[in-house]
Amino acid sequence: MPALLNGAGDYLTITFFARKIIFQMNVRIIKVICIFQTLLAVFFTGCSKKTYSAGGESAFIPVKSEKLILGFSQIGSESAWRSRNTQSIYEAAEENNIQIIFDDAQQKQENQLKAIRSFIVYQVDVIAFVPIVEDGWDNVLKEAKEAGIPVILVDRQINADPSLYAGFLGENGLEEGRNAARFMLEKFTDKDSVNIMEFSGTENSSVVRERAKGFREIIENDSRFKIIGSENGDFLRSRGKEITQDLIQKAMDMGIFSKDSLYYEGQKIDVIYSHNDSMTLGLLDTLETYGITTDKTVIISIDAEQKSIDALTQGKLNCVVECNPNLGPVLMKLVRLIAEGRPIPRVTYIEEKVFTEKDDFSEYKPRGY
């Protein structure tokens, strides 16, 4: 062997590649074993799958095993709302004797694509996921359909061939935006002009597009209302803090800083419309740091976490539009239906409320998140 080598470097190189080849062979062997075990499980439980047609006629064969398996990919745990959303699904799965294979995508679409493909390999009975963004799902959904595994979208919608997924369960983002704007119109019945600052959520997500569109639908024919600025806060509390800090710093630089008002590009902000509570709470954190009151700024938020309801009762917010995270019970009903070969609705909206400064706060119940 030494006669064939030019030195120690060549020997190490050959050793490295030899070990790499052995490792890859072991990975392939493990994959074959996993697939073989899956096939055995399918055979002995009498479980079989065929293709399905979303939103109506279904050729999906009912699973005969005792426990259904749901593969669920969550986008992350960026807020109390999101954590409650995950908890609701876990609780409902346990109550309905449904097993969950869970994946946290940590705010990355590539992680979700990997998770969905792993669910396909495991041959779960149903796949559900919260899409981070709207685009880029067609290929993986085709793979799921070819494997005979139905897919349910949760919380957010996508741009894809509707035949590739069974249905959507979640909030009505358009109506949430409309409700926020309706409150604002009632609030400013006799004001000649209203400047609005928008804290927007994650770019290219369906819920951001809908909440922005619904809000604008209500005010588009009323010339008094003008959106003077819109900043991407990515649904994060930290970004809410940063955006507010930037507004304050620019006001200081322009010599118009005030303890009772906020400004955007020199214009006084009358309304802040925030797409979620995390960004709103970040806003309030920064205002408190600088000792700025919210008396002259109407603040409207979406989600209705306990902390935002508390801020509403304390007079720091004016309106909170609920985005209900408790999707678990309805999701499990849909999972059962589709696993039995029965059609599910193309769209299922969850019930939601609107909380305002005019409410009787004594009637508020703890949110639990």
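A polar contact is taken here as a pair of N or O atoms within 3.5 Å, of which one must be able to donate a hydrogen and the other to accept it. By this criterion, in the predicted model, the side chain of Ser205 reaches the backbone oxygen of Thr202 at 2.7 Å. Ser205 is found in the loop between β6 and α6 (206-219). With a relative accessible area of 2%, Ser205 is buried, since the threshold for burial is under 20%. Beyond the residues up to four places away in sequence, Ser205 touches Ile132, Val133, Glu134, Arg156 and Phe235.

Strand β6, which precedes this loop, belongs to an open sheet of 6 strands with mixed pairing, in the order β7-β6-β10-β11-β12-β14. The edges are formed by β7 (225-232) and β14 (354-356); each has a single partner strand, so one side of each is left without a neighbour in the sheet. On average, neighbouring strands of this sheet are turned by 15° against each other, direction ignored.

The pairing of β6 involves a strand on either side. Strands β6 (residues 194-200) and β10 (residues 271-274) run parallel and are joined by 4 bridges, and Met197 stands opposite Ile272 in β10. Toward β7, the pairing is also parallel and comprises 7 bridges; here the bridge partner of Met197 is Gly229.

In a regular strand the side chains alternate between the two faces of the sheet. In β6, Val194, Ile196, Glu198 and Ser200 point one way, whereas Asn195, Met197 and Phe199 point the other way. Burial extends to 7 of the 7 residues of β6, so this strand is largely enclosed by the rest of the structure.

Two helices that pack on the sheet both touch β6. Helix α7 (residues 237-254) touches β6 and β7, and its direction makes about 140° with that of β6. Helix α8 (residues 277-289) touches β6, β10, β11 (298-303) and β12 (319-322); the direction of α8 makes about 145° with that of β11.

Helix α10 (residues 328-339) has 12 residues and reaches 16 Å from its first C-alpha to its last, close to the 16 Å expected at 1.5 Å a residue. The buried residues of α10 are Gly328, Leu331, Met332, Leu334, Val335, Ile338 and Ala339. Viewed down the helix axis, the buried residues of α10 fall within an arc of 160°, so they line one face of the helix. An α-helix has 3.6 residues a turn, so residues three or four places apart point the same way. Helix α10 is followed by Gly341, with a positive phi near 80°.

Note on methods: Residues numbered from 1 in each chain as written. Predicted model: local features only at pLDDT ≥ 70, side-chain atom pairs only at ≥ 80, totals over all residues. Heavy atoms only, no water. Pairing = 2+ DSSP bridges. Axes fitted to C-alpha atoms, helices over the stretch in contact; angles between N-to-C directions. Contact = heavy atoms within 4.5 Å. Expected span 1.5 Å × (residues − 1). Buried < 20%, exposed > 50% of the residue type's maximum accessible area, 1.4 Å probe, protein only. Arc of directions from axis to C-beta.
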